[in-house]
Amino acid sequence: MLRHSPMKLLISLLLIMVGAQASAAKLAIVIDDFGYRAKEDNQILALPAAISIAILPNSPHGAEVAATAYQQGRDILIHMPMKPLSKQPLEKDTLAPSMSAEEVDRIIKNAISRVPHAKGMNNHMGSEMTSSLSGMRNVMRSLSQSNLFFLDSVTIGNTQALNAAKEFGVPSTKRNIFIDNHQSEEETRTQLNKAIAYARKHGSAVAIGHPHPSTVRALQKFIPLVPADVELVPVSTLVGYQPATGEPRKTLRMQPEGVNSTLPATKPETKTPSKSEVKPHESAKPTTSSDDATPTLAEPELTNNATEQQPENVVSPAELGICDIELPSTRLQGIELLMFVVEAIYQDKTLQPLITEKKMP
């Protein structure tokens, strides 16, 4: 149990914020199209658990891969097929803007049942679907009921995915770099270095790749050489995802100095921390990727079509009880951590007299 006055606590939080902002940049790598290539899928699963995977819901090995990834503690996403503008073969149950909200919800719920332990969803292809605000509203309406976050793969410049996600309160972020539009180990390593540069500049980055043999080889060589100032993280840490559980969440109990631990505590009104959003990505030139083992192709990235002594008249903190702060289930960084804890303190009725009343000595 922490025993600090509110003033000392706020000073400590400021120090935490400074330390967090000076910490490593965050890089999340997501590998799409899981469930078709057993060999390459298993090679990716042999990499650190910070590498997230996205599984096609109707793939033959999807459920098996999901079970293995879950045991590893790895982030699992549903790689949801969505209709592209280009004419090409489509996966079964590909979402389209013309579908009703009920049909979209049915397909998404079926996909969730086929990819157990999924925390989020991202789009497979989908330039036509993601550029439709009404279509993406149907997607986010369904996701808001399932506690899944959404990662926009950004296959078209005028995507409406994040706009729709905000309307329905769905945690979301977007892809910043494609690492293997060209199936070349050298090109993939070049793109991975671009992802590091982006993360350093903006604080975080999301890179998406596919289980091509050249991508696997590039990652195997790249990951041991990731610089010390860059941290590989699961993609869920960049969207403020908080899994639903049947158990009460843990709380941080901050008790003023000199207070007996048996005193009753007043529960604060806590707010969910604001969702982080990655800054707009740097567009790349249109390219085409091939995928000879998957029935549908990964759609390429497109361009912009794309303590002090207290005055005697101030109430002693010892009379104010205990502040319980509900801890988030994911690690918060920098200003988000500061805002989360300060907001919880501010909402605590027992501490509000110290915060809202300024008394002169």
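# A walk through the model, from a salt bridge to helix α8

Let's start at Lys119, which is partly exposed because its relative accessible area is 25%. Here, buried means under 20% relative accessible area, exposed means over 50%, and partly exposed is what lies in between (1.4 Å probe, protein chains only). Before going on, keep in mind that this is a predicted model: local features need pLDDT of at least 70, side-chain atom pairs count only at pLDDT 80 or more, and totals for chains, interfaces and linings use all residues. Residues are numbered from 1 along each chain as its sequence is written, and side-chain values use heavy atoms, with hydrogens and water left out.

So what does Lys119 pair with? The side chains of Asp75 and Lys119 meet in a salt bridge, 2.9 Å from N to O. This pair ties together distant parts of the chain, 44 residues apart: Asp75 sits in the loop between α3 (62-71) and β4 (76-82), while Lys119 sits in the loop between α4 (101-114) and β5 (120-125). Helices (H or I, at least four residues) and strands (E, at least two) are DSSP runs, numbered from the N terminus. Unlike its partly exposed partner, Asp75 counts as buried, because its relative accessible area is 1%.

There are nine salt bridges in the structure, the term being used for a side-chain nitrogen of Lys or Arg within 4 Å of a carboxyl oxygen of Asp or Glu. Another one joins Arg106 to Glu103, with the closest N and O atoms 2.9 Å apart. This one is a local affair: both residues lie in helix α4, three residues apart, or about one turn of the helix. Arg106 is partly exposed at 42% relative accessibility, and Glu103 is partly exposed too, at 29%. Over at Glu167 and Arg137, the side chains meet in a salt bridge of 3.0 Å, N to O. Here the link is again between distant parts of the chain, with Glu167 in helix α7 and Arg137 in helix α6, 30 residues apart. Finally, Glu185, Arg217 and Lys221 are joined into one network by salt bridges that share partners.

Glu185 brings us to helix α8, as it is one of the buried residues there; the others are Thr188, Gln191, Leu192, Ala195, Ile196, Tyr198 and Ala199. Seen down the axis of α8, these buried residues fall within an arc of 165 degrees, so they line one face of the helix; the arc is that of the directions from the helix axis to the C-beta atoms. The face turned away from this buried side carries the exposed residues Glu186 and Lys201. How does the helix's length work out? At 1.5 Å a residue, the 18 residues of α8 (185-202) should span 26 Å, and the end C-alpha atoms are 26 Å apart, which agrees. That expected span is 1.5 Å times one less than the number of residues. After the helix comes Gly203, whose phi is positive, near 95 degrees.

What covers the buried residues of α8? The cover includes β2 (25-34), β8 (177-178), β9 (204-209), α9 (213-222) and β10 (230-232). Take Thr188, buried at 0% relative accessibility: leaving out residues up to four places away in sequence, Thr188 touches Ile179, Asp180, His182, Thr215 and Ala218. Contact here means heavy atoms within 4.5 Å.

From the other side, Leu27 reaches α8 residues Ala195 and Ile196, among its contacts beyond four places in sequence, which also include Ala205, Phe222 and Val230. Leu27, Val139 and Met140 have the most contacts inside the largest nonpolar core, which has 54 residues. A second, separate core of 13 residues includes Ala54, Leu151, Val233 and Leu238. Such a core is a set of buried Ala, Val, Leu, Ile, Met, Phe, Trp, Tyr and Cys residues joined through side-chain atoms within 4.5 Å.

Two backbone oddities deserve a look. Most residues other than glycine have a negative phi. Asn147, however, has a positive phi near 60 degrees, in the loop between α6 (133-143) and β6 (149-152). Val154 has a positive phi near 55 degrees and lies in the loop between β6 and α7 (161-167). Asn147 is partly exposed at 33%, whereas Val154 is buried at 3%.

How far can you trust it all? The chain averages a pLDDT of 77, and 61% of the residues score at least 70; pLDDT is the predictor's confidence in each residue, from 0 to 100. It stays under 50 over residues 245-301 and over residues 303-321. Where pLDDT is low, the predicted coordinates should not be read in detail.
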